[in-house]
Amino acid sequence: MPALVLLGAQWGDEGKGKATDLLGGSVDYVVRYQGGNNAGHTVVVGDQKYALHLLPSGILSPGCVPVIGNGVVVDPAVLLSELSGLNERGIDTSKLLLSGNAHLITPYHTTMDKVTERFLGSRKIGTTGRGIGPAYADKINRVGIRVQDLYDESILTQKVEAALDFKNQLLAKLYNRRAIEAGRIVEELLGYAEQLKPFVADTTLVLNRAVDDGKVVLFEGGQGTLLDIDHGTYPFVTSSNATAGGACTGAGVGPTKIDRVIGILKAYTTRVGSGPFPTELFDDDGEALRRIGGERGVTTGRDRRCGWFDAVIARYATRVNGLTDFFLTKLDVLTGWERVPVCVAYEIDGKRVEELPYSQTDFHHAKPIYEFLPGWSEDITKAKTFADLPKNAQGYVKALEDMSGAPISAIGVGPGRTETIEINSFV
Ligand code: GDP
Ligand code: IMO
Ligand code: MG
């Protein structure tokens with residue numbers, strides 16, 4: 001099973017970090033293909049907890065080569081501090097590979113992110129403020145700075161000047177901020193060049209060779225399907241393709257090489273930032289999900305918005321990603337409810353709708369239609385097999401599988417590596 005994609009099926013924070021780490025032991029390469037340090041992936045190994053933002057979760061598995069692909073936007077200061085943080089905890093990070101074609105997030109991108117959000121006021125996206133949108137905008141606008149530019153000072157200077165030309169006009173004339181001096185940015189970026197050099201590689205060549213040699217390559221998505229720039233709840237999305245196709249463009253590996261696409265699916269739903277969320281709860285149940293599930297952002301520390309499971313979204317994720325499997329996470333969080341509501345369809349302007357509406361207006365009007373599944377009260381965190389689960393928890397999983405359109409091949413019953421029920425092996 002050479003190449004697998006693992007991605008978020010909802011609005012992010014489904015537990016991708018844990019799932020990637022779990023597979024890490026049997027995988028040769030783990031590749032981030034999009035996003036940047038807007039991601040927050042928590043991995044719990046024994047009594048140690050790690051919060052990763054830019055590095056692939058495979059960095060914690062000794063035999064695994066972690067790769068940052070061309071589709072990622074890289075804040076070099078964040079990358080170096082994440083690496084040194086792990087080194088201080090005894091993790092060997094020397095195998096990391098960084099694509100020379102990945103774009104850099106510079107201080108002017110983070111500035112632009114913050115001033116744009118402030119300018120949008122009540123219409124803001126609620127971004128993580130990490131410069132993600134502006135860095136991708138520059139990439140598409142063909143004024144981005146790439147990792148490889150760090151090794152040619154004259155090209156780097158020209159590119160930074162070109163990128164700042166227009167932005168400084170905006171900053172000074174529209175946002176009433178001081179212009180940013182190109183020389184200061186160039187100097188800062190050059191300061192990272194030597195430290196990053198050992199990691200820089202032609203990652204598409206490395207990865208294609210690895211796949212051809214039968215090595216196991218895992219592509220780890222950031223964010224989630226509904227935050228995808230094309231297939232998400234635009235404009236309340238991130239600025240990259242978090243869906244499966246992003247793995248091909250963001251790593252330079254063709255679709256014919258991908259064997260399996262695993263959607264990480266939380267047993268309920270959460271979202272951070274602005275935008276529509278049909279099953280969102282504003283009552284004690286929402287508060288309980290937040291408390292029991294520890295639903296607080298790893299990157300920004302914001303409380304996550306919480307709601308019941310939404311099967312319309314899960315079916316949509318199956319469709320736009322071509323999912324072959326689901327990894328259902330956080331089932332343990334639902335222990336204790338007498339009955340658990342699950343959204344099976346929406347009511348939009350008096351009509352029942354089974355599929356995610358493509359119109360933004362309709363999605364904003366969507367009201368959840370619930371089915372109520374019988375709950376369970378037994379502790380499930382020690383369950384090792386599906387048969388160990390109480391009957392009603394089994395019924396919940398089976399019902400979600402039937403509604404979502406792909407088999408559930410693993411179930412998370414706690415944050416730790418070992419707190420997982422594996423039904424079908426992934427590798
Ligand atoms: P990611 O962004 O998709 O990697 O997810 P986050 O790390 O942002 O959020 C998921 C949270 O749920 C983390 O705190 C994980 O440690 C935790 N987690 C993952 N799987 C499970 C599970 O099955 N049960 C419980 N209780 N927690 C889990
Ligand atoms: P992981 O990988 C949850 C959200 C932000 C905001 C929108 C745009 O941990 O699942 P951006 O800074 O990307 O321009 O913000 O996307 N967002 C996430 N929400 N999990 C994430 O990553 C996210 N990354 C971005 O809250 O609504
Ligand atoms: Mg997260």
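**Exercise 1. The magnesium site**

Decide whether Gly40 is buried or exposed in this predicted model, and then work out which parts of the chain the magnesium ion (ligand 3) brings together.

*Solution.* Begin with the accessibility of Gly40, which is 12% in relative terms. Buried means under 20% relative accessible area, so Gly40 counts as buried. Next, look at the ion: the magnesium ion (ligand 3) is coordinated by Asp13 through OD and by Gly40 through O, at 2.0 to 2.1 Å. Finally, place these two residues along the chain. Asp13 lies in the loop between β1 (3-8) and α1 (16-24), while Gly40 lies in the loop between β2 (29-32) and β3 (41-45), so the pair ties together parts that are 27 residues apart in sequence. Asp13 also belongs to a network of salt bridges, in which it is linked with Lys266, Glu295, Arg304 and Lys330.

**Exercise 2. Two domains and what lies between them**

Describe how domain 1 and domain 2 meet, and state how many salt bridges are counted between them.

*Solution.* The first step is to set the bounds: the domain assignment gives domain 1 as 3-87 + 203-422 and domain 2 as 103-198. The second step is to consider the separation, and here the C-alpha centres of the two domains lie 29 Å apart. The third step is to look at the contacts, where 26 residues of domain 1 touch 19 residues of domain 2. Between them the two domains bury about 1,800 Å², and 62% of this area is on carbon and sulfur atoms. On the side of domain 1, Val73, Pro76 and Leu80 lose the most area to domain 2, together 30% of what that side buries. The last step is the count of salt bridges between domain 1 and domain 2, which is zero.

**Exercise 3. Salt bridges and their surroundings**

Compare the settings of the Lys167 and Asp138 pair and the Arg319 and Glu355 pair, asking of each residue whether it is buried, partly exposed or exposed.

*Solution.* Start from the principle that side chains of opposite charge can pair when their charged atoms come close. By the rule used here, the count comes to 16 salt bridges. In one of them, the side chains of Lys167 and Asp138 meet at 2.8 Å, N to O. This pair links distant parts of the chain, with Lys167 in helix α5 (residues 153-174) and Asp138 in helix α4 (residues 132-140), 29 residues apart. Lys167 is buried, because its relative accessible area is 7%, and Asp138 is also buried, because its value is 6%.

Now take the other pair, in which the side chains of Arg319 and Glu355 meet at 3.5 Å, N to O. Here too distant parts of the chain are linked: Arg319 is in helix α10 and Glu355 is in the loop between β17 (351-353) and α11 (360-365), 36 residues apart. Arg319 is partly exposed, with a relative accessible area of 48%, and Glu355 is likewise partly exposed, at 38%.

**Exercise 4. A leucine in a loop**

Find where Leu323 lies, and name the residues with which Leu323 is in contact beyond its neighbours within four places in sequence.

*Solution.* First, locate the residue: Leu323 lies in the loop between α10 (311-321) and β15 (325-329). Second, check its accessibility, which at 9% means that Leu323 counts as buried. Third, list the contacts outside the neighbouring four places, which are Leu7, Val261, Ile262, Gly263, Ala317, Thr318 and Ala406. Of these, Gly263 is 60 residues away from Leu323 in sequence, yet the C-alpha atoms of the two are 6.3 Å apart in space.

**Exercise 5. Reading a helix**

Determine which residues of helix α3 are buried, what covers them, and what follows the helix.

*Solution.* Helix α3 (residues 107-120) has 14 residues and reaches 20 Å from its first C-alpha to its last, close to the 20 Å expected at 1.5 Å a residue. The buried residues of α3 are Tyr108, His109, Thr110, Thr111, Met112, Asp113, Val115 and Glu117. Their cover includes β8 (103-104), α4, α5 and α6 (182-196). To finish, move one step past the helix: α3 is followed by Gly121, whose phi is positive, near 55°.

Terms used. Residues numbered from 1 in each chain as written. Chains lettered and ligands numbered in written order. Predicted model: local features only at pLDDT ≥ 70, side-chain atom pairs only at ≥ 80, totals over all residues. Heavy atoms only, no water. Donors = N, O, S within 2.8 Å, 3.2 Å for Na, K, Ca; no water. Helix = DSSP H or I, 4+ residues; strand = E, 2+ residues; numbered from the N terminus. Buried < 20%, exposed > 50% of the residue type's maximum accessible area, 1.4 Å probe, protein only. Domains from an automatic or database assignment. Contact = heavy atoms within 4.5 Å. Buried area = accessible area lost by both parts, 1.4 Å probe. Salt bridge = Lys/Arg side-chain N within 4 Å of Asp/Glu carboxyl O. Expected span 1.5 Å × (residues − 1).
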